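Please look over the structure shown below before reading on. The paragraphs that follow lead from the protein interior to the sites where other molecules are held.

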Amino acid sequence: MFTKRRALALVAAAATGLVVVTGWSAGAEEPTAAPSPDRGLYRVTAAKDDAMDAASRTEVASSGVDVLGARDGAMEIVAGPAQAAALRSDGFTLELTGDVDELLAERSGGPSTRDVSAADFPAGDESYHTYDEMVAEVRAAASDHAAISALSSVGSSYEGRDLPVLKISDNAATDEDEPEVLFTCNMHAREHLTTEMCLHIIQRFTDGYGTDQAVTGFVDSREIFVVPSLNPDGSEFDISGGEYQGWRKNRQPNSDGTVGTDINRNFSYLWGCCGGSSGSTSAEDYRGASAASTPEVAALQAWVDARQIKAHIDFHTFSELVLWPFGHTYDEVTDGMTQEEYDHFEDIGTQMASSNGYTPDQSSGLYITDGDINDWMWGEHKVLTYCFEMYPSGGGIDGFYPPDEDIVPQTTRNDGAVDILLTNAG
Ligand code: 0X9
Ligand code: CA
Ligand code: CA
Ligand code: CA
Ligand code: ZN
């Protein structure tokens with residue numbers, strides 16, 4: 001389907017005789033002789049003289065392809081041959097930049113070094129935490145800092161893995177009347193850098209207590225909750241077999257034999273409302289059979305319903321963005337969002353973005369989503385909630401797998417932003 005503006009651009013292009021570019025005819029084949037890979041990595045741009053705006057990005061995202069990153073004029077996607085052809089016939093320009101399965105095999109060390117029984121990340125990336133390593137880290141933090149922490153659980157994943165939540169505060173065993181702040185990570189399986197982000201927050205606010213003045217102040221005056229992984233099943237699947245899988249969703253089977261729901265389209269606020277998710281089970285943004293149909297979302301929602309969370313960041317990768325609600329509409333002001341409230345989101349979001357060098361925007365400025373965690377947090381509970389898309393700013397499938405040397409610089413990079421959120425939770 002053409003947007004009106006793109007249709008006009010097509011008319012203009014046709015008039016100048018420039019319409020014979022790749023992909024204008026329906027079902028066009030790759031311009032080169034090479035066959036399209038099952039999972040092709042593509043750089044998507046708009047047609048000539050046409051901007052890749054939020055509406056175009058929404059159109060691409062809602063076509064069922066796997067969106068890896070989006071920034072400025074281009075989008076990085078993974079698509080099958082039919083999906084690529086469909087986007088081209090809709091007027092987008094697609095440049096094939098690689099075969100995802102080949103790229104993942106290379107990134108994982110190639111066939112010769114592959115260890116099918118790997119209990120850790122592929123060689124060279126061992127500093128990343130597997131689920132068991134993450135749980136061990138959280139338990140160690142809780143026992144080493146018993147006076148200022150309390151370990152509990154949000155619930156269980158589909159495959160039965162515990163979803164640990166660590167509370168960090170003075171008098172941690174007591175539910176005090178201090179602003180509650182939540183950090184959630186790794187909702188998308190392959191976004192492993194975010195798990196490290198939550199572990200870094202835990203380490204900073206426990207080890208730093210009593211020595212770092214800012215940290216001590218926040219631990220004394222706030223109740224900080226950290227959930228390092230909202231999708232442990234997907235995350236473990238992504239590193240299974242010693243090779244990265246490029247997996248996004250959870251691991252809950254669908255009735256047709258496909259696997260996985262996009263956790264960030266399964267939240268209950270205006271679930272499936274607005275063309276920002278897919279009803280197709282095989283889509284990477286499949287919204288699930290019903291609102292909160294995933295055990296992970298049901299558990300987190302129930303946990304948040306029972307608390308008084310004031311502020312929240314949900315960490316994702318990648319594109320280096322600070323995003324705020326709403327995601328289901330391009331409008332700033334709508335049901336559930338006044339101009340004053342929007343301005344506050346923008347103000348704090350812009351401050352956080354200046355501290356870490358990310359780009360601030362309303363989340364729908366990227367593309368429309370419905371059923372995402374931030375719309376639910378704000379729409380349902382008026383939480384000051386943000387989505388951070390971490391490092392890198394751009395890339396292909398490798399954007400999800402930065403070398404483990406990047407963990408320390410890219411997690412500490414957000415210390416200032418985290419502090420700004422904690423300050424404004426008061
Ligand atoms: O699509 C998502 O769920 C998030 N991006 S990711 O590449 N990590 O999957 C972005 C969600 C932010 N909300 C909107 N863009 N509306
Ligand atoms: Ca490890
Ligand atoms: Ca306290
Ligand atoms: Ca409390
Ligand atoms: Zn994500």
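**From the interior to the bound molecules**

Beyond its neighbours within four places in sequence, Phe388 is in contact with Ile313, Asp314, Phe315, His316, Leu321, Val322, Met352, Asn356, Tyr358, Asn414 and Ala417. This contact list, like every value here, is computed from a predicted model.

Phe388 also belongs to the largest nonpolar core, which has 84 residues. Phe388 is among the residues with the most contacts inside this core, together with Phe183, Phe205, Phe315, Met352, Tyr386 and Leu421. Helix H7, spanning residues 192-207, supplies the largest share of the core, namely seven residues. Both domain 1 (8-107) and domain 2 (131-424) contribute at least three residues each to this core. Apart from it lies another core of 21 residues, including Met52, Ala61, Leu87 and Tyr367. In general, nonpolar side chains of soluble globular proteins tend to be buried together.

The next topic is the metal site. Which residues are the protein donors of the zinc ion (ligand 5)? They are His188 and His316, each through ND1, and Glu191, which is listed twice through OE; these donors lie 2.0 to 2.3 Å from the ion. The spacing of the donor residues in sequence is H-x2-E-x124-H. His188 and Glu191 are both buried.

His316 leads on to ligand 1, since a nitrogen atom of ligand 1 is 3.1 Å from an N or O atom in the His316 side chain. Ligand 1 is surrounded by 16 residues, of which Arg248, Asn264, Tyr367, Thr369 and Glu389 are the closest. A polar side-chain atom of Glu389 lies 2.6 Å from a nitrogen atom of ligand 1. In addition, a polar backbone atom of Thr317 is 3.2 Å from a nitrogen atom of ligand 1.

Technical notes. Residues numbered from 1 in each chain as written. Chains lettered and ligands numbered in written order. Predicted model: local features only at pLDDT ≥ 70, side-chain atom pairs only at ≥ 80, totals over all residues. Heavy atoms only, no water. Donors = N, O, S within 2.8 Å, 3.2 Å for Na, K, Ca; no water. Buried < 20%, exposed > 50% of the residue type's maximum accessible area, 1.4 Å probe, protein only. Core = buried A, V, L, I, M, F, W, Y, C linked by side-chain atoms within 4.5 Å. Helix = DSSP H or I, 4+ residues; strand = E, 2+ residues; numbered from the N terminus. Domains from an automatic or database assignment. Contact = heavy atoms within 4.5 Å. Near = heavy atom within 4 Å. Polar contact = N/O pair within 3.5 Å; in protein donor to acceptor, adjacent residues only side chain to side chain.
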